[in-house]
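Good morning, colleagues. Please take a moment to look at the sequence and the coordinates on the screen before I begin.

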Amino acid sequence: MDVQIQGEFIPIALVSLSAGDRIFCEGGLMVYSDPSVGFQFRWFTQGGMGTTLKRTILGGVPFHLHEYFGPGYVAFSRYRPGEVRKLDLAAGETVDVGEHSMLLATTTVTYNTFYVPGTGRVGRMIGFWMDRLTGPGTIVFQGHGNIITFQLKPGEGMDIDHGALLFKDASVSVRAFNQAMGSGLMGHALSFEALHVEGPGRIWLQTVDPSRHPPRSG
Amino acid sequence: MQADSVGGITPAVLATLKPGEKILAAHGLMLFKEPSIKVGRRTMRQLGVSMGTYMAMHSRGDAEENFFFAEFEGPGHVSFSRDKGGEVRVVPLPPGQTWHLREGHLICFDESIRYQPVVVAQWQVRDANGQVENRYLFADSLAGPGTLVFQAYGNILSFNLQPGETIRTSTEGFLAAQNTVGVQVQWQFAAQLGTGNYQVPVLHLTGPGQVMVHSGL
């Protein structure tokens, strides 16, 4: 399989599939394809009925995925401005990608979900889902806007806006916390929720908060 | 503050703060920060904006000024994003130099900069029922010394006007101007509609001073 990223502002990922190559993605992302490319649904029912309903209803994770198989070419886009990155995962390597950011992955990649709980405070974030992907295989995903990359050392931390988190290694821990705006009662009243991430591992941030520009998905 | 623009599609601002150095930013723009950065708040009152001025701005409607700014204290890095595309400018203001920046474009500024919300221009329009409505061009007045960071819609076009030199912009195209630049609203003929003329408001900016216009809306 070969992946080419074309374009700058709203790029596409153009995938050339050999006979026997299979990839999957969320629905509604295909831009154009070779008529020879095959297509079928792939039901995402991992974890049983209860987990599937929780993931679908609360998390907004799609109930079904789309699977394409070669030979031929097929192009995907999220129809929004932002950098696209391709990543090859080694066997057993696990990464977490922001919800509705993955463009495609080879079917050798195990697709799971990862829940980041919120602080539980009234009126605050109840948590959010990320896609947990385990190699071997290739994944392609798109950020909102530009992507800024960091390599955290063991124990090294960073505070980030929860809309900024695009990608992290599974070894990077993430925890929601309440960021006070100064001291006193007013400082807590004006506080906002953020994420504290801690290494070791890679963390990639996006410069646009997706909640302000809802992504297109199937 | 050392500030850099990062990225080309939707740029972010990376500010580097020395120990004890403080900057103020519009609330809700933080992208990430190092844990060593302390977060506080600075109310309009603490910035010297009287309650009367603040209420007068809001009574005119559509003013976006928050009641407070977020305050970030070094040492460390903090990054901000306005979640949109457009050129970011880092402008060092010498002592006494004052800029009027269209509201909704400010990202962050040194605490040494004096802040004041102002109305740069106002005009009246008639709605479909013939009712007269007031329209205002709100701006953030920022007086040096210090570093100012803001983002435009699209690209920024800069002009340095000589004394008496005038440039005409649309009301939406205005991004920023020095306070030495005179701003006047004039009505420009656009079309003949029946027995009347359809006119649109435009801004006449008269030097001396620098003016910035942006290409997006």
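I shall speak about salt bridges and then about one sheet in chain A.

Please keep in mind throughout that this is a predicted model.

Let me begin with the charged pairs. How many salt bridges does a search of the whole structure find? Over all chains, the search returns 15 salt bridges. I shall discuss some of them.

The first item on my list joins A:Arg78 to A:Glu26, with an N to O distance of 3.5 Å between the side chains. Where do these two residues lie? A:Arg78 sits in the loop between strand 7 (72-76) and strand 8 (84-89) of chain A, whereas A:Glu26 belongs to the loop between strand 3 (22-25) and strand 4 (30-33) of chain A. The pair therefore ties together parts that are 52 residues apart in sequence. As for solvent accessibility, A:Arg78 and A:Glu26 are both buried, the criterion being a relative accessible area under 20%.

Next, consider A:Asp169 and A:Arg202, whose side chains form a salt bridge at 2.9 Å, N to O. Here the partners come from strands: A:Asp169 lies in strand 16 (residues 165-169) of chain A and A:Arg202 in strand 19 (residues 201-206) of chain A, so this contact ties together parts that are 33 residues apart in sequence. Are these residues buried or exposed? A:Asp169 is buried, at a relative accessible area of 11%, and A:Arg202 is buried as well, at 18%.

A further salt bridge links A:Glu83 with A:Arg85, and its closest N and O atoms are 2.9 Å apart. In this case A:Arg85 is partly exposed, because its relative accessible area is 23%.

Chain B also deserves mention. There, B:Lys22, B:Arg42, B:Glu71 and B:Glu111 are connected through a network of salt bridges.

I now turn to the sheet. In chain A, six strands make up an open sheet with antiparallel pairing, and their order is 11-12-9-16-19-14. Which strands form the edges? They are strand 11 (110-117) and strand 14 (147-152) of chain A, each of which pairs on one side only. From one strand to the next, the twist averages 20°.

Within this order, strands 16 and 19 appear side by side, and these are the strands that hold A:Asp169 and A:Arg202 respectively.

Finally, one pairing in more detail. Strand 9 (residues 94-98) and strand 12 (residues 127-134) of chain A pair in the antiparallel sense over five bridges. Across this pairing, A:Val97 stands opposite A:Asp131 of strand 12 in chain A.

Methods:
Residues numbered from 1 in each chain as written. Chains lettered and ligands numbered in written order. Predicted model: local features only at pLDDT ≥ 70, side-chain atom pairs only at ≥ 80, totals over all residues. Heavy atoms only, no water. Salt bridge = Lys/Arg side-chain N within 4 Å of Asp/Glu carboxyl O. Helix = DSSP H or I, 4+ residues; strand = E, 2+ residues; numbered from the N terminus. Buried < 20%, exposed > 50% of the residue type's maximum accessible area, 1.4 Å probe, protein only. Pairing = 2+ DSSP bridges. Axes fitted to C-alpha atoms, helices over the stretch in contact; angles between N-to-C directions.
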